[in-house]
Amino acid sequence: MSENKRDYYEVLGLSKGASESEIKKAYRKLALQYHPDKNPGDKEAEEKFKEAAEAYEVLSNAEKKAQYDQFGHAGMGGGFGGGGMNMDDIFSQFGDVFGSAFGGSFGGSRGGGSRTVRGSNLRVKMKLTLDEIAHGVKKKIKVNKLVNAEGVTFKSCQTCNGTGRITRVAQTFLGAMQTQSTCTTCQGVGKMIDKKPSGVDNHGLKRQEEVIEIDIPAGVEEGMQLSVTGKGNAGPFDGVPGDLIVVVEEVPHEFLKRDGENLHYEAHVNMISAILGESIEVPTISGKAKIKIEPGTQSGKTLRLKGKGLPNIQGYGHGDLFVHVQLWTPKKVTKEEREVLEKLKGSESFVPNPDASDKGFFQRMKEMFH
């Protein structure tokens, strides 16, 4: 899925167990090194700057970091994670990492001290069948979200003159002391709504339905959360949009049960087939498969179909399909059938005589979980 993408920890020069402060420090070092203001016109430096920001965007977020640690880039694929960030996203989202670097211009807007407000995340649940999970799928969903309204105009905040900060000078016994604080009128944004159409709130936003196409990677699991960058609610005052969080829900399969990447199926076989042997069909994700029931097969025997399970989300092969043979005992028999069975009942072949190959329930359970 993202074969050429470097590992995020490698990008930041960190090990997987790096702390939050170490991640922040490493990102700050790289971003200062490759900052566009220090490398004007250098496309390679710009790409490294974006690469570092993408790695930080994922590893500094607890949810995304846990997802990445478990599934790697495959779990962030199809628009998930930090991909597709532009310079405005980086400057607005991570300005706090840099403090006063570059004269304080590394904030929400590159030309001043005002900040860009990030929109809130949206969370949706998405039901997926085992077939969709096995092959990956593109889904279109309709979400009701906040968007930047057309026809809205802004003006500079008169309290802070568009800077987003209030500067105060106080005389002390040490002399004049200057302090700065966030403007309480505009909450640090540096601008106010000037004109807005009806139905638009005081942040320049309105509710609107949007159809979003989501590329779900193969192998996702129940409860897994995928983050689609920039598809959440729009940021107030023309700010940065939040993310769309997609929570995976599995639709139970009619016959197959999932256990990680493996699948399980119970095949009920009648006594005659178990004695004489028979070929039977079993369901798989992609259709059906034929398996052979060997003569003398015991109830509880497990047959393995290699590679017929679900794909590994990181692309490391497939799981298996385990077919558990269950002997079907008729609840009612006819008089003629009973007579035949009574004759067979005393036969030496029908006397239970298990050997080492006929594993009991506890031995099978032990092997399954070890």
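This passage walks through a predicted model of one protein chain, from its overall make-up to its helices, strands and salt bridges.

Because the model is predicted, local features are reported only at pLDDT of at least 70 and side-chain atom pairs only at pLDDT 80 or more, whereas totals for chains, interfaces and linings use all residues. Residues are numbered from 1 along each chain as its sequence is written, and side-chain values rest on heavy atoms, with hydrogens and water left out.

The secondary structure of the chain comprises 9 helices and 15 strands. Helices (H or I, at least four residues) and strands (E, at least two) are DSSP runs, numbered from the N terminus. Of the 370 residues in the chain, 39% are buried. Here, buried means under 20% relative accessible area, exposed means over 50%, and partly exposed lies in between, with a 1.4 Å probe and protein chains only. A contact is a pair of heavy atoms within 4.5 Å. Among contacts between residues at least 6 apart in sequence, 66% join residues at least 24 apart.

A good place to begin is a pair of helices. Two packed helices are described by the angle between their axes and the distance between the axes. The axes are lines fitted to C-alpha atoms, for helices over the stretch in contact, and angles run from 0 to 180 degrees between N-to-C directions. Helix H3 (residues 43-59) and helix H4 (residues 62-71) have axes that come within 6 Å and cross at roughly 100°. The two helices are therefore roughly perpendicular to each other, on a scale where angles under 35 degrees count as roughly parallel, over 145 as roughly antiparallel, 65 to 115 as roughly perpendicular and the rest as oblique. On the H3 side the contact is made by Glu57, Val58 and Leu59, and on the H4 side by Lys64, Lys65 and Tyr68. By class, the contact has 3 nonpolar, no polar and 3 charged residues. In this scheme Ala, Val, Leu, Ile, Met, Phe, Trp, Tyr, Cys and Pro count as nonpolar, Asp, Glu, Lys and Arg as charged, and the others, Gly among them, as polar.

Helix H4 also takes part in salt bridges, each defined as a side-chain nitrogen of Lys or Arg within 4 Å of a carboxyl oxygen of Asp or Glu. The whole structure holds 18 of them. Within H4, Asp69 bridges to Lys65, with the closest N and O atoms 3.2 Å apart; these two residues lie 4 residues apart, about one turn of the helix. Asp69 is partly exposed, with a relative accessible area of 22%, while Lys65 counts as buried at 18%.

Another salt bridge reaches out of this helix: Glu63 pairs with Arg123, their closest N and O atoms being 3.5 Å apart. This pair links distant parts of the chain, with Glu63 in helix H4 and Arg123 in strand S1 (residues 122-128), 60 residues apart. Glu63 is partly exposed, at a relative accessible area of 40%.

A further bridge joins Arg118 and Asp243 (3.1 Å, N to O). Arg118 sits in the loop between helix H5 (87-93) and S1, and Asp243 in the loop between strand S8 (225-228) and strand S9 (244-250), 125 residues away along the chain. Arg118 is partly exposed, with a relative accessible area of 35%, whereas Asp243 counts as buried at 3%. Through shared partners, salt bridges join Glu57, Lys64, Arg118 and Asp243 into one network.

Turning to the strands, these pair in a sheet through backbone hydrogen bonds, either parallel or antiparallel. Two strands are taken as paired if DSSP finds at least two bridges between them. One open sheet has 4 strands in the order S10-S11-S15-S14, with mixed pairing. Its edge strands, S10 (257-259) and S14 (302-305), each pair on one side only. Neighbouring strands of this sheet are turned by 30° against each other on average, direction ignored. S10 pairs with strand S11 (residues 262-270) in the antiparallel sense over 3 bridges, and Asp259 stands opposite Asn262 in S11.

Elsewhere, strand S12 (residues 278-284) and strand S13 (residues 287-293) pair in the antiparallel sense over 7 bridges. They form a hairpin with 2 residues between them, and Val282 has Ala289 in S13 as its bridge partner.

Finally, the loop between S14 and S15 contains Asn312. Asn312 counts as buried at 16% relative accessibility and touches Glu261 and Gly317, not counting residues up to four places away in sequence.
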